[in-house]
Amino acid sequence: MDYEKIFSDAIEAVHSEGRYRVFADISRQKGDFPRAVRHDAGDNARAITVWCSNDYLGMGQHPDVLKAMHDALEETGAGAGGTRNIAGNNHYHVLLEEELANLHGKEAALLFTSGYISNEATLSTLAKILPGCVVFSDEMNHASMIQGIRHSGAEKHIFRHNDLQHLEELLQQADPDAPKLIAFESVYSMDGDIAPIEAICDLADKYNAMTYLDEVHAVGLYGEHGGGVSERDGLADRLTVIEGTLGKAFGIMGGYIASSKVLVDVIRSYASSFIFTTALSPVLAAGALASVKYLKSSNEEREQHQSRAAALKERFKNAGLPVMDSVSHIVPLFVGDPVLCKEISDDLLNEYGIYVQPINYPTVPKGTERLRFTPSPMHDDKLMDALIEAVAAVWEKKGLAAKVA
């Protein structure tokens, strides 16, 4: 059997669909976010502006965060030394979990090495440990949530995106005595829309269901203390599990859940993806701890972030560019073709030093390909002027300006 040919054919299939992904070779520049240096542009490194980072507030560059990480490195060394069960538990992990539980008004929290793992591990374990559990999942949920639900082996029902009527129809059809879990996100990162959290909680109460809210694109960004949309709307206490990440607004790496002590203890004790994984480096935990603490007391970055996102949406509209409706900080620009999306992205990077990755299937449905811009407080008017000029020029070059008009 020609194994290499099978692999090559699989890659060629991705190429033929126009969705082969190329990773840009870049180095972020400390103290100069969102600037970076590109290393794959021939003999000379080239300065670029990053427009697609999930480090939404630039906290990966914040002096408080960097100092905490330097101090922890000198104090503890680099790695955790093992799993949390075997030599890998560190005081920074304990402090960070306490801080995250407090952020969401929950009894306890549990750290994971990524947001993907926190979703996969928690959902698969919860739905598996509840006898006869039925899971209700929004159709636009992240791949990590889908994978966790699938791995649980539980009965599942997919409800149309943010469709309360469809969700209630499915809940009505389920066995009233069966354990139920509704899994959904707050901010959906590709379209930028927000779930009707309160109404979903009302349905959960009506049908005696647990709720699982993924807040990864909202923690640090919404709420008086950065607790996410659930804090902003005063709903955190109504949610069974709140899941978040340390790799986006908090600027570091890792994921977590916050919930009751007993539920967190069940995940800690039963989830293989937690039990058998080397713990998050204490250096990362220290940086995340500093970031969470800072954003709990500072609203300036959140306010600037929302202002910059609104400004970019308005500028795209004024330029006649197809910005998609979004009620959050996500600014998607519709393209609708995978090959064209990649070409536009390449032209922006190669000709204008603007880095924004194409978003293609399977991240979004086929035919809805887009560029996804994530302006930060550091993307000033000068950078926005350059961006609009460049995107408009590429749109005209590709013959798309007339279609937009």
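**Exercise 1. Work out how helices H2 and H12 sit against each other, starting from the handedness of their crossing.**

Let's start with the handedness: where H2 passes H12, the crossing is right-handed. Keep in mind that everything here comes from a predicted model.

Next, find the two helices. H2 covers residues 63-76 and H12 covers residues 282-297; they pack at an angle of about 150°, and their axes are 8 Å apart.

Now turn the angle into a word. Angles over 145 degrees count as roughly antiparallel, so H2 is roughly antiparallel to H12.

**Exercise 2. Do the job again for two other helix pairs, H5 with H6 and H13 with H15: are they roughly parallel or roughly antiparallel?**

Take H5 (residues 115-129) and H6 (residues 143-152) to begin with. The packing angle is about 30°, with 7 Å between the axes. The cut-off for roughly parallel is under 35 degrees, so H5 and H6 are roughly parallel to each other. Their crossing is right-handed.

Then look at H15 (residues 381-397), which packs with H13 at an angle of about 30°, the axes being 11 Å apart. That angle makes H13 roughly parallel to H15. Here too you can note the handedness: H13 passes H15 in a right-handed crossing.

**Exercise 3. Put the strands of the three-stranded sheet in order, and say which ones stand at the edges.**

Go pair by pair. E11 (residues 331-334) pairs with E14 in the antiparallel sense, over four bridges. One contact to look for is Phe334, whose bridge partner in E14 is Arg370.

E13 (residues 358-359) also pairs with E14 in the antiparallel sense, this time over two bridges. Here Pro358 has Leu371 of E14 as its bridge partner.

Put those together and you get an open sheet with the order E11-E14-E13 and antiparallel pairing. E11 and E13 each have a single partner strand, so they stand at the edges and one side of each is left without a neighbour in the sheet.

**Exercise 4. Sort the side chains of E14 by the way they point.**

Start with the general pattern: side chains in a regular strand alternate between the two faces of the sheet.

Now apply that to E14, residues 370-373. Arg370 and Arg372 point one way, while Leu371 and Phe373 point the other way. All of these residues are buried.

**Exercise 5. How many aromatic pairs does a search of the whole structure find, and how are the rings of two of them arranged?**

The search turns up three aromatic pairs. To describe a pair of rings, you give the distance of the centres and the angle of the planes.

Try Phe112 with Phe274. Their ring centres are 5.8 Å apart and the planes meet at 75°, so the pair is edge-to-face. Phe112 belongs to E4 (residues 108-112) and Phe274 to H11 (residues 272-275), so the pair ties together parts that are 162 residues apart in sequence. Both Phe112 and Phe274 are buried.

Move on to Phe316 and Phe373. With centres 5.2 Å apart and planes at 55°, this pair is tilted. Phe316 is in H13 (residues 300-318) and Phe373 in E14, so to speak of distant parts of the chain is fair: they are 57 residues apart. Phe316 has 0% relative accessibility and counts as buried; Phe373, also at 0%, counts as buried as well.

One last step: bring in Trp51. Ring pairs link Trp51, Phe316 and Phe373 into a cluster.

**Exercise 6. Which residue lies over the face of Tyr361?**

Look above the ring of Tyr361 and you'll find Lys366, at 4.8 Å from the ring centre.

**Exercise 7. Trace the seven-stranded sheet from edge to edge.**

Follow the order E4-E10-E9-E8-E7-E5-E6; this is an open sheet with mixed pairing. At the edges you'll find E4 and E6 (155-159), each pairing on one side only. From one strand to the next, the twist averages 20°.

Finally, zoom in on one pairing. E9 (residues 241-245) and E10 (residues 255-259) pair in the antiparallel sense over four bridges. Within that pairing, Gly244 has Tyr256 of E10 as its bridge partner.

Note on methods. Residues numbered from 1 in each chain as written. Predicted model: local features only at pLDDT ≥ 70, side-chain atom pairs only at ≥ 80, totals over all residues. Heavy atoms only, no water. Buried < 20%, exposed > 50% of the residue type's maximum accessible area, 1.4 Å probe, protein only. Pairing = 2+ DSSP bridges. Phe/Tyr/Trp six-rings, centres within 6.5 Å; stacked < 30°, edge-to-face > 60°. Lys NZ or Arg CZ within 6 Å of the ring centre and 35° of its normal. Axes fitted to C-alpha atoms, helices over the stretch in contact; angles between N-to-C directions. Parallel < 35°, antiparallel > 145°, perpendicular 65-115°, else oblique. Left-handed = near helix turned anticlockwise from the far one by under 90°.
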